[in-house]
Structures are given as C-alpha cells and as structure tokens.
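Dear colleague,

Please find below the structure that I am handing over to you, together with its sequence. My account of what was found in it follows directly after.

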Amino acid sequence: EASGVAPAVNQVEWHLGYHDETLHEAMRSRGVVLEAWGSLGGPTAFNPGVALDDPRLQGIAQRYFASAPQLALRWSVQK
C-alpha cells in the first residue's frame, strides 16, 4: 500500500561496470539519495561486473598513485 512518502535513500547496484544515469537523475530530481551496493564492481547474477585487474583500470590507477579499488570507489563517490 502506498504511503505517499518518498524514500530518503534508495540502494541500487552502482559501479564502474554498471550504472544507470537515468535512474540517478530521476532520484536526484526527487531528492532521493543513491546508496550504492557492489561499489567494487564484482559480478552479480545479471552483470559480469568489472575486473579490478583490468589493464585499463590498472593503468589509470598507476597514473594517480592509487589502487584499482581506490579508483573504483572514488569514481562511485564522485558520481
């Protein structure tokens, strides 16, 4: 039964390998905060994810003197 009260937070899958910008914008426009699960991009039943040992990710991480997990989390926070 609908309460008429919008949620303050919605927890959704959100990482480098899978993110829905349309959903994020819709939530933002309604004042709903996105809470990410799967922030490191591990595989799920519906998504293969992104490997933290991916050469592209490793190269970017090296350029910024960070680890691949640090880079993935930073991306998620900045979005």
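**Findings**

Helix α2 is followed by F65, a residue with a positive phi, near 55 degrees. Please bear in mind throughout that this is a predicted model.

The opposite end of α2 also deserves a note. D54 caps the N-terminal end of this helix, which comprises residues 55–63. The cap rests on a side-chain oxygen of D54 that lies 2.7 Å from the backbone nitrogen of R56. D54 also forms a salt bridge with R56, with 2.9 Å between the closest N and O atoms. Are the two partners buried or exposed? D54 counts as buried because its relative accessibility is 15%, under the limit of 20%. R56, in contrast, has a relative accessible area of 64% and is exposed, since that value is over 50%.

The D54 pair belongs to a set of three salt bridges found by a search of the whole structure. Another of them joins the side chains of E21 and K79, at 3.2 Å from N to O. This pair links distant parts of the chain, 58 residues apart: E21 sits in helix α1 (residues 21–29), whereas K79 sits in the segment after α3 (68–78). E21 is partly exposed, at 37% relative accessibility. K79 is likewise partly exposed, with a relative accessible area of 39%.

A further salt bridge brings together the side chains of R28 and E25, with an N to O distance of 3.3 Å. Both residues lie in helix α1, three residues apart, or about one turn of the helix. In general, an α-helix has 3.6 residues a turn, so residues three or four places apart point the same way. R28 is partly exposed at 46% relative accessibility, and E25 is partly exposed at 43%.

Helix α1 also contains H24. This histidine is buried, with a relative accessible area of 11%. Leaving aside residues up to four places away in sequence, H24 touches W14, L34 and K79; K79 is also the salt-bridge partner of E21.

I turn next to the nonpolar interior. The largest nonpolar core has six residues in all, namely V12, W14, M27, V32, L34 and W75. Beyond residues up to four places away in sequence, L34 touches N10, V12, W14, H24 and M27. V32, another member of the core, is found in the loop between α1 and β2. V32 is buried, with a relative accessible area of 12%. With the same sequence neighbours set aside, V32 touches P7, A8, V9, N10 and M27. V32 and A68 are 36 residues apart in sequence, and their C-alpha atoms are 29 Å apart in space.

Finally, which residues of α3 are buried? They are A68, L71, A72, W75 and S76. Seen down the axis of α3, these buried residues fall within an arc of 135 degrees, so they line one face of the helix. They pack against β2 (33–37) and α2. The face of α3 turned away from the buried side carries the exposed residues R74, V77 and Q78. W75, listed among the buried residues of α3, is also part of the largest nonpolar core.

With kind regards

Conventions
Residues are numbered from 1 along each chain as its sequence is written. This is a predicted model: local features need pLDDT of at least 70, side-chain atom pairs count only at pLDDT 80 or more; totals for chains, interfaces and linings use all residues. Side-chain values use heavy atoms; hydrogens and water are left out. A salt bridge is a side-chain nitrogen of Lys or Arg within 4 Å of a carboxyl oxygen of Asp or Glu. Helices (H or I, at least four residues) and strands (E, at least two) are DSSP runs, numbered from the N terminus. Buried means under 20% relative accessible area, exposed over 50%, partly exposed in between (1.4 Å probe, protein chains only). A polar contact is a pair of N or O atoms within 3.5 Å; within protein, one must be able to donate a hydrogen and the other to accept it, and residues adjacent in sequence count only if both atoms are side-chain atoms. A nonpolar core is a set of buried Ala, Val, Leu, Ile, Met, Phe, Trp, Tyr and Cys residues joined through side-chain atoms within 4.5 Å. Contact means heavy atoms within 4.5 Å. The arc is that of the directions from the helix axis to the C-beta atoms.
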